[in-house]
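I'm opening a fresh page for this one. Below are my notes, in the order I looked things up.

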Amino acid sequence: MRPVRLSTASFLLLFSPADVPRGRRALRTVLDAADTGDPAGLRILARAVARLGHEAVWQVWLEPRVSGRRARRWDSPAPAELAADASTVPDRVVDVAWDDWLEEHDSEPWSLLKRWNRPTTVDAAFPAHGLSRLALGDTTVSLDPAVLAATAARFDHPLGEQARDRLLALGVGEAVDLYCAASVGSPDMREFCVTHGLAPSDEVMRAVFFVRTAQQDQYEALDPDGALLALGYRSVPKKDRAALRAAMADLNGIDTLRVLAGQGSDEHHFVSLTEKERAYLVGQLTDRGDWARLWRLVPLMRAVDLFCATAVQADTPDAVAFCLTHHLAPADAAERAAFFLRTGQHEQYRALDPDGALLAAHYRDAPTEERSALREAMTRLGGIDVLRVLAGQRHRDGDVASLNHKERAYLTGQLTRRRDWDRLWPLTVLLPLADAVRVVHAFGDWRPSGEDDRRMFETLLAAGPVAKQVKALSTGSPVWGTPHTRIALRDLDERATDVVDLDFAPDGRGLAFASQGKCAGIVDLDSTTLFRLYHFTGSPTRIAQLGPDAVVVADSGRYRGRQRPARTRLHYYDSQGRQTLRFGTTRITHVRELRRTAGDRCFIVLAAQDSTEEGEWTLFTGEAGGPLVDTGMLSGRNHHPGLTATLDPEGRTVAVLDQRTALVADLADPTAAATLRGSTAAAGDSMPHAAMSPTLLVRGNDQGRVQVWRDPLTSGKAPVSKRLWQQQEDRRLIGLAWSPALQRLLALSRRGQDIAVHLPRLKALGTPAYDEWPVPGTRVPKPIPLGSAVPGARPFMRLSPGGDVLAMGGVLPGHIDLYALSLLTVRPFIGKPMGLMRPRDLTAVVTVLENPVLDEESRTTLTLLRTCLEHRFRHDVWLGDTHGAAVAGAYDIELGG
């Protein structure tokens, strides 16, 4: 529905009450204007209040907008105008203001609430009633203990301080007990309790509280024999016992056996402990060297296993000697093998596990720290099949490749020292690329027997170090610090100077540019040479490349006098020559957008007529050799000077937007344009940035706030409004585009002279599509720096049709910077072991290598990776476009869905 003009709304309010749709809509328009501080809006609002009454106006102001967000803005001029007389403010408004302020402190609603001096009118049984009275200084109000404790826990709200003062005045009671119980998880609350001496009233819980808050002196004075803590341990929920055990370990002198097993420390009490409790108890007694009490526990359930495990993990010589003296060892065979190995009982280990099968089974289930200790023990013993232990009995590719960095280094180091080249070579091609290049140089004169393997071996041997480049490709820096390709226009032709517009060929292999030097041209990206150059009498302002050798160029023309602006001209060039295209009788002074559309050499032109301040804009369609046709999409509509247009990736749907309106239409019938709901949420006359995906329309302002419409042509739904970065960041948005290659919205920003690319998660924009492949969200939140522009530069961007190349002009005068965005698709896997890579990863590498602007270092590294993966998958057969999660082996057949 088209928004109502403020003057129209003023007229409608003369005879339309606020309880009918027309009057309500008019009043919303007036309130929106008043919220922005518009003087005319505030004057009309005052007249509306006099005619309709405060109740009716407040009612509309409180209603949510069509987008579902609240319309209330307490810091805007509208509520200040409406609340000039506190007696006229309805109870509902007071209640809403209290709800907002209690939820989140804001000085504006609080200043109004203090001036009104009225508590909320909700029933006294509800917390808001008592809290509003407390905020207004009522010291006699009665609050539920749970409400008081929860409010006192708020350190982000001024009401929390008043609630804490009330707690101190009470000293003891249920509210204090609840606050202390919650304080153990909050440093602020804990500090408040310790500083002011607050503690639970119950002795048992007070003992627990002193331990949890590390108040050693207070605890020892209260519970010298640990009896209270023993009772408290059993009374706290099981989920909190781990934290209590950790706190006990931090204090000195606590009898952990008595606390955990009870006062009598009977056998059945110890047996009833959980696995973690028994491990904790054995560990504490071992640390203290309390062997007498430990020996009492040895005959009990699992105590031997726990003690042996603790002895080797804590690396306590006395505990290990105790085990050797009394011939203690775990009951489980795999654990016993690991225990013999780590305690130096080599004869017992070899007798128990001659082939290493038990040690391999234990190693796979062991935590990282224990694995490291086992590797050191295997090195001391020698003669152990480390490949079998680390990678399992079958030595599958996935098992070897899934080893961590330290395990792979240990394994390759052991096999190298043993000169076991026949076993090391099959592992080499499963390692990360950088490790494979490094390891292959250790083989000396040895070579694999097979022809394919020998060829792969020689390729790795001939490669230079790639670790630095692989790291850069997997982390982003410094790969993006400088352009992958930089084109100096004067190197192509001395007449070409600063670039003012860019456009890619439909196949992405060429790049057209318009230059201030009264020329335009086409660059072949494969060779970075000049393919075509065109000259003009005026200055080119816009360019669109329609084919390999076809462009359409907007030329500002010559000025014929100071009073009359030049008439903009449009020229079409191809191999047959030049043709000037006419706008008919419409006098065009400025072309804002010139874009290629679907069809054979078709395009659109968004152009301004003489009086752009009146909003006279026209959207034309054109084609090679044909006339320019007014689409009629903008007929009868007024638009602001900051108008722009964008197309969907196929070039079939067009959106025309400024900061206040948004129209979208199918180019097959542009007169049936739809006005998007919620499109008036932004304000201002600056030109927005816009982009379209197959399902999304995105509009953004300079501050990085974007609105996202889903299925804009058909759904009629209101947009989602989000920020691309934090509001406090001093960063400006300078471009938006949709990248089909990355399946991501791409935003270009500037912070000072520094330029960066953002790839926001679409889930963060309220749109769940395209969030999994090919660009994982793990690398999206941080912007990717692209270097710096020179002072005074005005950078702009253009994305290739496939979304795999980013072109920027205006960064460095007389230059075009090109970035291979498809490099981002290899970032998730390029640093991983090649044994974990899948056929689709090989496909991604091949695709990136087809990028015409790839830098030489990246191309060399990816070519080597491609060779390795083709060698690995040389015997594979896979069917379908997608592949499963399983990692294919050397002779696997993979069936895709």
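**Notes on strands and a patch**

I started with H689 and looked up its bridge partner in β19, which turns out to be G700. Worth jotting down before I go on: this is a predicted model.

H689 belongs to strand β18, residues 689-692. I checked how β18 connects to strand β19 (residues 696-700) and found four bridges, with the two strands running antiparallel. Together β18 and β19 make a hairpin, and three residues sit between them.

Next I asked myself: are the residues on the two faces of β18 buried or exposed? They're buried on both sides, with H689 and A691 on one and A690 and M692 on the other. That fits the usual pattern, since side chains in a regular strand alternate between the two faces of the sheet.

Then I moved to another sheet entry. Four strands, ordered β14-β15-β16-β17, form an open sheet with antiparallel pairing. β14 (644-647) and β17 (674-675) are at the edges with a single partner strand each, so each has one side without a neighbour in the sheet.

Inside that order I looked at β15 (residues 653-657) and β16 (residues 662-666), which are antiparallel and joined by five bridges. I picked T653 and traced its bridge partner in β16, which is D666.

Last stop was the surface. Which residues make the nonpolar patch of about 340 Å²? I noted F11, L14 and F15. I also placed F11, which lies in helix α1, residues 6-12.

Definitions and conventions:
Residues are numbered from 1 along each chain as its sequence is written. This is a predicted model: local features need pLDDT of at least 70, side-chain atom pairs count only at pLDDT 80 or more; totals for chains, interfaces and linings use all residues. Side-chain values use heavy atoms; hydrogens and water are left out. Patches are made of residues with over 30% relative accessible area and no salt bridge: like charges are joined within 9 Å, nonpolar side chains (Val, Leu, Ile, Met, Phe, Trp, Tyr) within 5 Å. Accessible areas come from the Shrake-Rupley method with a 1.4 Å probe; for residues, only the protein chains shown count as cover. A salt bridge is a side-chain nitrogen of Lys or Arg within 4 Å of a carboxyl oxygen of Asp or Glu. Buried means under 20% relative accessible area, exposed over 50%, partly exposed in between (1.4 Å probe, protein chains only). Two strands pair if DSSP finds at least two bridges between them.
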